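The following exercises concern a single molecular structure, and each is followed by a worked solution. Please consult the sequence and the coordinates while working through them.

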Amino acid sequence: MTSESVEEFRSRARAWLADSLPRLDSGDAMVLQRDELSSWRRARELQKKLYDGGFAGICFPREYGGLGLSYEYKKAFDAEALAYETPLMLNVPSFAICCATILDMGSEEQKRAHIAAALRGDEVLVQLLSEPSGGSDLAGVLTRAERRDGRWIINGAKTWSTWAFAADYGLCLARTDWGVPKHEGLTMFLVPLRHPGVTINRIKQVNGSVEFCEEFFDDVDVGDDAVVGEPGKGWEVASRQLYHERRSMGDGSEYTSGPGIAEAEDISVDLLSLVEKTNQAGSEPVREMVGRALVHRAVHGQLSEHVFHAVTHGSLPPAAGSIIRLSMAEVHDVENDTALAVAGPSAVIEDEAGLLDIGTRYLGRQIASIGGGTTEMARNVIGERVLNFPREYAADRGVPFNQVRHGKA
């Protein structure tokens, strides 16, 4: 426990930030591009500064490198850090999803090694869940891990792994038992991505981004110390991982630092600035559109706070994290649609107006409705696990996985 009040902590953070980190409006701040390895190196350096300054991992336990403070301290720091360059790139998935999952489900050795290393800026962790043939059926993974000479040997492929090219470790869900129903035969592994058996390719999207990766595992050998949770209990770990993912996608995680995804500069659109650039401040329809989008953003912020505290206090189940994940996608869509409508034809040409970025963002509009599980999946989770509606029919429920038909008939 700390004897320092939230206001005292805020005051100390304010002074430290002014002395230690570049302001965003200064010439010293870098515009970090998530596709570039140089930006990830910069983020690690900034994270080390936070760690050395005593402001890393505010809500992570002290024994694993954090400060062990409550959510109110994190929010105070976030508010003070808004004007400064901070390593936002490390929030998701490294801290809010992977480290949070290890904190909940990992061994004591994994917590002490990997959470502390991430908070120092020494490690970046990512998720290795989706597969080329899997779609939204995460439990139907085909990547396999077999026992051989006291080791686990992993073979298979993953895809849509965000920022895996910049990471050191990945939480990889693999099938270890084919003779039981699909949810029961899985194991979660913490896989070193520099292993010679791991091949990482980057995927170029229509908007030009290469943040997503595909990975191929060829006899990747890991020991029992790489198992997160227990062998055969990987779905329990994955479920907790998805809980953290949905919360973080909706900016409802206590393990992030600085503004969340919906507020990040490379995600959120500065609509007020856009109105000024296009000289439409006097347009009533434009003001109405922008006002609607800003209200959506404000309501989402309040919703995230409400759901976070409701889950923490037990008045809502953990699955309620899907509410803010779904809300985030709605806010993102309204914001991007509004930006395109305001920019008009200037969003699709490169000219002195400098609004091509609006059109490029729009090409990636669907990302928010797919990442972290689709919005359709989020609605299913809310319906079945929050509102207690009947579960959807599944033909493979209770069927041994080696008897389930895959691919084309």
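**Exercise 1.** Determine in which helix Pro93 lies, and characterise the peptide bond that joins Val92 and Pro93.

*Solution.* Step 1: Pro93 lies in helix α4, residues 91–105 (helices, H or I of at least four residues, and strands, E of at least two, are DSSP runs numbered from the N terminus). Step 2: the bond between Val92 and Pro93 is cis, with omega of about 5°. Step 3: for context, most peptide bonds are trans.

The model is predicted, so local features need pLDDT of at least 70 and side-chain atom pairs pLDDT 80 or more, whereas totals for chains, interfaces and linings use all residues. Residues are numbered from 1 along each chain as its sequence is written, and side-chain values use heavy atoms, without hydrogens and water.

**Exercise 2.** Locate Asp149 and state the sign of its phi.

*Solution.* Step 1: Asp149 sits in the loop between β2 (144–148) and β3 (151–162). Step 2: its phi is near 55°, a positive value in a residue other than glycine.

**Exercise 3.** Describe the secondary structure of the two domains that UniProt lists at residues 4–121 and 129–220.

*Solution.* Step 1: the unreviewed UniProt entry gives "domain: Acyl-CoA dehydrogenase/oxidase N-terminal" for residues 4–121; such annotations may be inferred rather than shown by experiment. Step 2: residues 4–121 are 60% helix and 0% strand, with the end C-alpha atoms 26 Å apart. Step 3: the record assigns "domain: Acyl-CoA oxidase/dehydrogenase middle" to residues 129–220. Step 4: over residues 129–220 the values are 0% helix and 50% strand, and the end C-alpha atoms are 16 Å apart.

**Exercise 4.** Analyse the packing of α9 (residues 321–343) against α10 (residues 356–363).

*Solution.* Step 1: the axes come within 9 Å and cross at roughly 145° (lines fitted to C-alpha atoms over the stretch in contact; angles run from 0 to 180 degrees between N-to-C directions). Step 2: α9 contributes Asn336, Asp337, Ala339, Leu340 and Ala343, and α10 contributes Ile358, Gly359, Arg361 and Tyr362 (contact means heavy atoms within 4.5 Å). Step 3: these contact residues comprise five nonpolar, two polar and two charged (Ala, Val, Leu, Ile, Met, Phe, Trp, Tyr, Cys and Pro are nonpolar, Asp, Glu, Lys and Arg charged, and the others, Gly among them, polar).
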